[in-house]
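Colleague: I should like to go through the terms used for this protein one by one. Please set each value against its definition before you conclude.

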Amino acid sequence: MFTYAEVGATRDEVLPRGYHHLRYRTVLGGPEAMAPAAQAVLTFAAQRAIGVRMDAAGPRAVPGLRVTSGLGFANLRVQAPCEVVWVEDTPTRAGFAYGTLAGHPECGEESFLVELVDGRVWFSVTAFSRPALWYTRLGSYGVVGFQHLYARLLGRALRRIAAAAH
């Protein structure tokens with residue numbers, strides 16, 4: 001069961017009130033970047049490329065898939081259980097969103113989307129979240145900063161993945 005009511009809201013232009021909002025967008029390259037970037041997003045390869053452990057119940061994002069991301073080292077790894085809320089996979093748009101489940105340090109939803117617009121491939125992260133556990137409440141400003149860094153690192157990883165495919 002999701003830990004928030006606004007399931008699927010990362011598809012909307014207006015994000016729900018009462019949460020920190022994140023909107024990040026960066027260009028990945030020309031049209032040749034679309035296929036490898038889409039594949040990397042839909043298979044969680046972008047997260048793995050920056051060192052995030054992604055334990056998923058399947059190899060590819062599909063609605064209802066349970067995913068636990070792990071950040072940190074050895075026994076100091078923070079586990080973040082989520083469930084995929086929506087998936088898009090067309091020749092010009094590919095990505096997914098997952099929402100938080102019980103035990104996640106945050107409460108909310110995050111989407112990862114690659115789009116081909118006017119001959120350029122863009123990667124965007126859209127999220128709304130608020131602290132769910134004591135340690136994220138204490139360090140809420142640090143968590144917001146980390147989310148922005150995480151989005152930028154994913155964008156860089158996708159640029160490298162797309163460039164290496166050609």
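Colleague: What makes the charged end of R25 one that sits over the ring of W122?

Modeller: A charge sits over a ring if NZ of Lys or CZ of Arg is within 6 Å of the ring centre and within 35 degrees of the ring normal. The charged end of R25 sits over the ring of W122, 4.2 Å from its centre. R130 is placed likewise over the ring of Y19, its charged end 4.1 Å from the ring centre. This is a predicted model, in which local features need pLDDT of at least 70 and side-chain atom pairs count only at pLDDT 80 or more, while totals for chains, interfaces and linings use all residues. Residues are numbered from 1 along each chain as its sequence is written, and side-chain values use heavy atoms, with hydrogens and water left out.

Colleague: How many aromatic pairs are there by the rule, and what makes F2 and Y4 edge-to-face?

Modeller: Rings of Phe, Tyr and Trp (its six-membered ring) pair if their centres lie within 6.5 Å; planes under 30 degrees apart count as stacked, over 60 as edge-to-face and the rest as tilted. By this rule there are seven aromatic pairs. For F2 and Y4 the centres are 5.8 Å apart and the planes stand at 70°, so the pair is edge-to-face. F2 and Y4 also belong to one aromatic cluster with Y19 and F128.

Colleague: Why is F2 called partly exposed, and is Y4 buried or exposed?

Modeller: Buried means under 20% relative accessible area, exposed over 50%, and partly exposed in between, with a 1.4 Å probe and protein chains only. F2 has 23% relative accessibility and therefore counts as partly exposed. Y4, with a relative accessible area of 7%, is buried.

Colleague: What makes Y98 and F112 an edge-to-face pair, and which parts of the chain does this pair tie together?

Modeller: The centres of Y98 and F112 are 5.5 Å apart and the planes meet at 80°, which makes the pair edge-to-face. Y98 lies in strand 5 (residues 93-100) and F112 in strand 6 (residues 106-117), so the pair ties together parts 14 residues apart in sequence. Helices (H or I, at least four residues) and strands (E, at least two) are DSSP runs, numbered from the N terminus. Both Y98 and F112 are buried.

Colleague: Which elements does the protein have in total, and in what order do the strands of the sheet stand?

Modeller: The protein has four helices and seven strands, and from the N terminus on its elements run β-α-α-β-β-β-β-β-β-α-α. The open sheet of seven strands has the order 1-7-6-5-4-3-2, with antiparallel pairing. Strand 1 (20-29) and strand 2 (53-56) stand at the edges with a single partner strand each, so one side of each has no neighbour in the sheet.

Colleague: How do you know that strand 3 and strand 4 pair?

Modeller: Two strands pair if DSSP finds at least two bridges between them. Strand 3 (residues 66-71) and strand 4 (residues 78-89) run antiparallel and are joined by six bridges, so they meet this condition. In strand 4, V78 is the bridge partner of L71.

Colleague: What places S111 and L113 among the buried residues, and which residues do they touch?

Modeller: S111 is found in strand 6 and, at 4% relative accessibility, counts as buried. Contact means heavy atoms within 4.5 Å. Leaving aside neighbours within four places in sequence, S111 is in contact with T10, W86, F96, A97, S124, V125 and T126. L113 also lies in strand 6, and its 8% relative accessibility counts as buried. Not counting residues up to four places away in sequence, L113 touches R93, A94, G95, W122, F123 and S124.

Colleague: How many disulfides does the search find?

Modeller: A disulfide is a pair of cysteine sulfur atoms within 2.5 Å. The search of the whole structure finds zero. As for individual cysteines, C82 is buried at a relative accessible area of 2%, and C107 is buried at 7%.

Colleague: Why is helix 1 described as largely enclosed?

Modeller: Seven of the nine residues of helix 1 (residues 34-42) are buried, so the helix is largely enclosed by the rest of the structure. These buried residues are M34, P36, A37, A38, A40, V41 and L42. Just after helix 1, F44 takes a positive phi of about 70°. Of the 166 residues of the protein, 49% count as buried.
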